[in-house]
Amino acid sequence: MTTQASLSVRAEPVEARARGHAAPAATAEPAWVRRTLIGVALAFLTLFLFVPLVSVFFEAFKKGIDVYLAAITEADARSAIWLTLVAAGISVPLNLLFGVAAAWSIAKFDFRGKNVLLTLIDLPFSVSPVISGLIYVLIFGLQGWFGEWLRDHDMKVIFALPGIVLATVFVTFPFVARELIPLMQAQGLEQEEAARVLGASGWQIFWRVTLPNVKWALLYGVILCNARAMGEFGAVSVVSGHIRGQTNTMPLHIEILYNEYQFAAAFAVASLLAGLALVTLVLKYLVEQRVKAQKRVAGGRNE
């Protein structure tokens with residue numbers, strides 16, 4: 001009797017599922033809870049993301065297209081745009097090289113200090129950009145460690161392009177490495193080892209095996225690195241000196257215009273950065289899908 005009762009009890013859920021009346025899952029939430037959470041998330045995004053974004057473009061074009069074009073084509077604005085592009089154009093390739101080298105060494109080799117290197121890569125995430133800029137001032141400034149030597153050799157780092165590039169490189173160097181390391185670790189060493197057995201050299205393995213397998217993650221990291229480089233404010237503000245027409249990047253130029261109550265011009269230049277952010281977001285989404293697919297393939301291969 002006991003056995004029959006237990007069998008009947010166990011059979012009830014199966015019969016219920018067969019009749020299409022499955023018992024609700026233990027983790028299921030009421031519909032009103034799901035709708036409330038979704039509504040709160042959408043309200044938060046609308047208030048803190050969509051409304052400010054729309055207001056930037058509204059204020060930028062409020063006085064007409066002529067005022068907008070005049071604001072982004074005047075001499076100081078053109079200088080700020082050019083300096084931003086130059087700083088990003090130098091720092092992103094440097095971080096690309098560092099990220100690939102660091103990711104390859106961490107994912108493919110075991111060595112002493114590996115965990116220390118991983119920790120140092122994450123350092124810009126935990127250090128304030130203002131502090132990093134101040135460090136460069138203390139090292140390369142006129143009263144810094146190398147200040148006298150730089151002055152004697154008529155070289156400038158702080159309040160010049162080299163200082164801006166150094167500050168930008170520091171705050172952006174984790175992005176490429178942090179995108180590549182998990183993917184390279186998931187892919188393992190099988191393909192590289194097979195290529196080595198077949199007689200491929202180190203460079204051939206890198207160009208024909210490793211790089212094709214991580215190209216989308218590499219592009220994803222470059223996109224994030226470039227977006228951060230163009231929008232960096234704190235570290236660049238410390239090392240630039242705010243010299244109009246010489247060391248002001250776009251974020252610094254926007255701050256100066258806003259402080260001088262030139263709101264139309266400030267929002268016009270800000271709209272350029274906002275447009276860059278939107279383009280970056282679209283590219284990030286497209287590349288992110290490729291990266292996820294690549295990681296799934298790598299995970300399936302390891303299984």
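These are my notebook entries on a predicted model of one protein chain.

**Entry 1: the chain overall**

I began with the secondary structure and counted 15 helices and zero strands in the protein chain. I then looked up burial: of the 303 residues in the protein chain, 36% are buried. For the accessible surface of the protein chain I noted about 18400 Å², and carbon and sulfur atoms hold 67% of this area. I also checked the contacts in the protein chain with a separation of 6 or more, and 72% of them join residues 24 or more positions apart.

**Entry 2: the largest pocket**

I turned to the pockets and took the largest pocket, with a volume of about 210 Å³. Which elements give two or more residues to its lining? I found α4 (75-108), α11 (190-197) and α12 (202-231). Of the elements, α11 gives the most to this lining, with three residues.

I wrote down the lining residues of the largest pocket as Trp-104, Lys-108, Phe-109, Leu-189, Glu-192, Glu-193, Arg-196, Gly-202 and Ile-205. Sorted by class, this lining holds four nonpolar, one polar and four charged residues.

**Entry 3: Thr-210**

Next I looked up Thr-210, which sits in helix α12. Is Thr-210 buried or exposed? Its relative accessible area is 1%, so Thr-210 is buried, the cut-off being under 20%. Leaving out residues up to four places away in sequence, I found that Thr-210 touches Trp-104, Met-184, Glu-192 and Ile-205. I compared this with the pocket list: Trp-104, Glu-192 and Ile-205 also appear in the lining of the largest pocket.

**Entry 4: Lys-114**

I then went to Lys-114, in helix α5 (residues 114-121). I had to check its class, and Lys-114 counts as buried because its relative accessibility is 18%, with the cut-off at under 20%. What does the side chain of Lys-114 reach at 3.2 Å? I found the backbone oxygen of Phe-109 there. Leaving out residues up to four places away in sequence, Lys-114 touches Ile-106 and Phe-109. I noted Phe-109 again as one of the residues lining the largest pocket.

**Entry 5: the second largest pocket**

The second largest pocket has a volume of about 150 Å³. I listed its lining as Phe-140, Gly-141, Leu-142, Gly-147, Leu-150, Arg-151, Met-155, Lys-156, Val-157, Ile-158 and Phe-159. Which helix gives the most to this lining? I found helix α8 (residues 147-152), with three residues. By class I recorded seven nonpolar, two polar and two charged residues in the lining of the second largest pocket.

**Entry 6: backbone angles**

I looked up positive phi values outside glycine and noted Asp-154, with a phi of about 55 degrees. Asp-154 lies in the loop between α8 and α9 (161-172). Its relative accessibility is 71%, so Asp-154 counts as exposed, the cut-off being over 50%.

I also noted His-242, which is not a glycine and has a positive phi of about 55 degrees. Where does His-242 lie? I placed His-242 in the loop between α13 (234-240) and α14 (250-259). His-242 counts as partly exposed because its relative accessibility is 29%, which falls between the 20% and 50% cut-offs.

Note on methods. Residues numbered from 1 in each chain as written. Predicted model: local features only at pLDDT ≥ 70, side-chain atom pairs only at ≥ 80, totals over all residues. Heavy atoms only, no water. 1 Å grid on protein atoms, 1.4 Å probe; cavity = no way out; pocket = protein on both sides within 12 Å on 5 of 7 lines; lining within 4 Å. Points joined across faces, edges and corners; volume = space filled by probe spheres on them. Helix = DSSP H or I, 4+ residues; strand = E, 2+ residues; numbered from the N terminus. Nonpolar A, V, L, I, M, F, W, Y, C, P; charged D, E, K, R; others polar. Buried < 20%, exposed > 50% of the residue type's maximum accessible area, 1.4 Å probe, protein only. Contact = heavy atoms within 4.5 Å. Areas by Shrake-Rupley, 256 points an atom, 1.4 Å probe, with all protein chains shown as cover. Polar contact = N/O pair within 3.5 Å; in protein donor to acceptor, adjacent residues only side chain to side chain.
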